[in-house]
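Reader: I have a structure open and I'd like to learn how to read its sheets and hollows. Can you walk me through them?

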Amino acid sequence: MRSRFYNGDSTGIYKDCMVFFLSKSTADTGHPFTYGTFPPWLDLQKVWKNITDSMEQKESDSFQKQIRNFLKSLQPKEQNPLSYQLARISEAVQCEPLEAQLATLSMIACTWGIWESAFRKNSRDASKSEQEIRQLALLILPEGISIRTTLPKDSIDHTVEEEHADYTKQAQALLVQARVLIRQYHYQEAGEACKQIIQEFTDAPDILRGEAYDILYKCCTAGLSGYKLPRSFDSVEQLSARAKDLGYDYESACDRRILPAPRRSSDSGQGVCVCNARNDAGSWLESTMPASWEIKYSSFPSSFVHCSEMVRFALLDEDLEKNIRDALQILDTVQQTNHWKHSELFIRCESEKASPLLDTALSFLRSSWTSDDACPVHVHLLDEAKNTAQSLYARHPLFYPFTLNPDSKLSDPLHLVILSGTPNTSLASWLVREASWLLPVLSSTHITLLSPYADKIRNHIGTTCPGLAEQITFGREKSRQTRLSIRGIQFPEMEFIDVDFESPQLSYELQQIEAKKGFKYYVIDAGSDLETIALGTRVRENNIRRAVEKRQIDLYSRNRAVIALRCVSPHMAHLAQELLVPKEKKPGNQWFNNYGFTTFGALDELYSWDNLDGGIFEQAAQCLHLMYCGAAFRPEEKHTREKYLDSYFQSLYNQDSSRAAVLSFPYRLFRAGIVASYWYIQDPDAYWSEPQRLDLSNRLQHSLAKDKKLLPRLAQYEHTRWTCYLISRGWLGFSDSDQAVQIIKAGAPKHMLQIARLHACICSWDDLKALQSSLDWAYRNERSDGLHSLPDDNFSTYYDPNKKYTYFQHLDDESIQKTPQVLRTEWFAVREEEREEYIK
């Protein structure tokens with residue numbers, strides 16, 4: 001068999017003929033041959049096909065196996081560029097038919113002298129030989145395989161193991177991109193990433209390359225918008241088969257367990273968790289707490305205040321008033337005994353109703369605290385509805401649709417559509433309220449509420465937040481003439497429509513919404529998980545029908561609506577995120593067979609051990625509070641820092657305000673032109689995992705240093721966000737700045753009146769200067785000794801000798817400049833080290 005192509009000196013003769021043919025292949029015709037059209041290569045392929053066809057089946061199978069093993073054995077050797085090149089070629093031709101593989105190998109064998117000369121740098125013919133094999137490569141190697149006669153630049157001084165690890169990391173990064181891109185239905189970009197992995201990262205792990213083949217297969221089977229099958233493959237089935245050959249199977253690689261088991265926290269330390277109720281929330285907490293902790297269920301949790309171990313009180317009864325009573329009993333016991341062992345108190349409640357009572361109790365406790373140290377009573381409020389809404393918008397940002405379409409503009413409309421079918425209006429109210437202060441990051445936003453209880457929800461919001469009530473129109477009534485208006489702030493338009501979910505009216509309203517121009521973001525809570533999922537499928541059906549009717553299905557991936565489902569059961573949420581069209585047999589996660597739901601509000605998100613205190617949101621909120629207080633993140637500042645945190649836990653308003661600012665960080669970054677790298681809406685950690693936060697913080701730091709105009713732009717945005725946030729909490733602004741002067745003269749310590757929820761800074765960006773001007777004038781001219789005006793120290797904070805009046809406009813400068821440090825939780829990192837030291 002071998003004698004057909006190799007017989008003593010005939011290699012040299014064949015090499016000369018090959019070089020001659022290479023020089024003539026383009027000169028005579030003007031059109032170069034390509035892979036698959038080169039006549040000598042085609043001749044060799046025919047010869048090998050005749051040979052393999054003449055083999056018995058058993059002999060053929062054995063021969064093919066030997067060839068596969070030979071190709072896999074071509075691995076790169078240390079500091080050997082030729083072995084590296086052969087490994088890349090080997091991986092590329094493994095995708096080809098057997099005859100094509102043998103033809104290419106035969107060509108390389110017959111021209112081996114040229115290859116050796118090209119890679120032997122001390123050879124006088126190296127340059128000429130390199131040019132020749134580059135020409136040859138175009139004719140005998142699959143598309144995309146380039147020739148390099150040196151090792152990669154960044155690996156020359158590395159060992160083979162280090163080079164392999166580095167390449168694996170690069171391949172992994174490309175694979176992450178491909179995973180995200182195909183979830184966004186960007187088949188072209190995902191296909192390119194996978195093709196690059198297959199062709200350039202031949203020494204990456206088999207399972208990694210196998211997944212690349214699998215994703216490329218899905219991209220190539222996605223219809224009109226799909227990726228074109230590379231010429232080196234005869235059919236898409238080759239891609240699927242290659243993925244399996246490399247040991248990758250999509251079904252087994254994904255978490256296909258129907259009921260995923262809860263994961264226990266890896267948190268260090270040990271202690272006792274005291275829970276006042278046996279229910280779903282308590283059970284989930286127990287199943288996720290560290291193995292080193294013990295749980296106790298007790299109707300009298302205050303009896304554990306004297307426990308010598310660390311204690312975490314979890315007051316999770318569904319009777320919310322009972323939780324408040326138990327919390328007050330615990331705080332009273334602490335006050336009487338002056339005893340608290342670095343423990344935490346978690347209270348399931350409605351935060352707005354519970355805060356005044358708990359703030360008062362904490363004030364009493366601190367006034368009687370005899371220790372010089374900070375009072376370490378850390379109280380966390382678990383407001384299920386509020387925390388659910390906040391987590392949704394922070395983990396799955398509302399601006400996501402704008403990142404899918406490269407042609408989108410901030411002025412494009414965004415429609416947030418909330419479907420609420422439950423008589424408990426708390427979640428629907430919070431979804432509206434929290435969106436109202438996050439949406440102004442965009443220019444044109446609309447909130448539509450569809451619910452059988454729309455009137456009840458409107459009344460609740462109107463009572464709690466009079467400023468928001470002015471934004472709401474009900475049913476088909478005309479827009480209100482008297483709307484809240486602040487120059488420079490684009491408040492969302494709000495429309496509440498009373499709809500029976502069992503009537504045809506719902507389909508009509510959904511069609512009306514789909515007909516509107518702009519992106520859509522649906523949030524659904526029908527009252528039960530099953531009802532919510534069923535309603536979600538109806539919304540997706542309507543969404544796709546609209547695209548088909550408008551003949552825009554080819555653009556569907558760019559304008560695909562986000563549909564977020566509130567699923568309380570973690571198991572239901574897990575399945576809903578992977579919900580497939582049952583009869584489709586093609587791979588999942590394509591627009592025509594995967595509903596693409598995002599889920600939120602599950603028990604594990606709210607009551608798992610690591611999330612009970614808010615997780616990364618709480619860590620960053622504490623850092624933000626420490627930043628405002630001027631605390632340094634140095635070990636020697638521990639005592640001062642703890643004192644500052646005492647003021648954080650002393651006021652539940654401080655906690656809410658800091659938490660809200662942190663939750664808005666993705667929107668602040670978006671305003672700065674920064675979004676998470678390669679993310680998709682279903683990933684809850686796209687902005688909050690440690691690697692992502694580090695990347696985002698570095699990019700923001702670089703942007704602030706490079707663009708000096710970015711800081712004032714972000715400061716103005718932050719004022720807008722904060723203004724809308726206060727309005728969502730029921731605050732209003734003064735009708736003019738003289739009212740702020742009036743309340744300070746009457747004894748109020750600041751330009752705000754918390755008891756009436758009035759704040760002078762709820763105004764436009766430009767009016768902040770006018771406000772300070774009025775307060776500065778009051779400082780200069782308040783009192784007189786008969787000859788001279790005497791300053792009034794009550795207004796000294798606002799005095800500006802230069803009369804530029806930028807005090808209020810610069811209040812958020814430091815917050816913006818230190819956003820990177822807050823994202824990295826630099827204060828908290830030091831505290832975590834100290835905590836571990838304390839535990840030891």
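Author: Let's go through the sheets, then the cavities and a pocket. This is a predicted model, so local features need pLDDT of at least 70 and side-chain atom pairs count only at pLDDT 80 or more, while totals for chains, interfaces and linings use all residues. Residues are numbered from 1 along each chain as its sequence is written, and side-chain values use heavy atoms, with hydrogens and water left out.

Reader: In what order do the five strands of the open sheet lie?

Author: First, the terms: strands (E, at least two residues) and helices (H or I, at least four) are DSSP runs numbered from the N terminus, and two strands pair if DSSP finds at least two bridges between them. Here the order is 2-1-3-4-5, with parallel pairing. Strand 2 (293-297) and strand 5 (378-382) are at the edges with a single partner strand each, so one side of each has no neighbour in the sheet.

Reader: How many bridges join strand 1 to strand 3?

Author: Five, between residues 271-275 and residues 310-315. For instance, valine 272 has valine 311 in strand 3 as its bridge partner.

Reader: Which order does the open sheet of three strands have?

Author: That one reads 13-15-14, and its pairing is mixed. Strand 14 and strand 15 (residues 758-759) run antiparallel, joined by two bridges. Leucine 753 has leucine 758 in strand 15 as its bridge partner.

Reader: How many cavities of 30 Å³ or more are there?

Author: On a 1 Å grid over the protein atoms alone, a cavity is a set of points where a 1.4 Å probe fits but cannot get out; a pocket is an open set with protein on both sides within 12 Å along at least five of seven lines; lining residues have an atom within 4 Å of a point. Points join across faces, edges and corners, and a volume is the space filled by probe spheres set on them. The whole structure has six such cavities, and the largest has a volume of about 230 Å³. Of its 20 lining residues, the closest to the centre are Asn387, Glu605, Leu606, Asn611 and Gly614. Helix 16 gives the most to this lining, five residues.

Reader: What is the volume of the second largest pocket?

Author: About 1,100 Å³. It has 33 lining residues, and Tyr628, Tyr653, Trp722, Lys750 and Leu811 are the closest to its centre. Helix 26 (616-629), helix 28 (652-663) and helix 31 (710-728) each give two or more residues to that lining.
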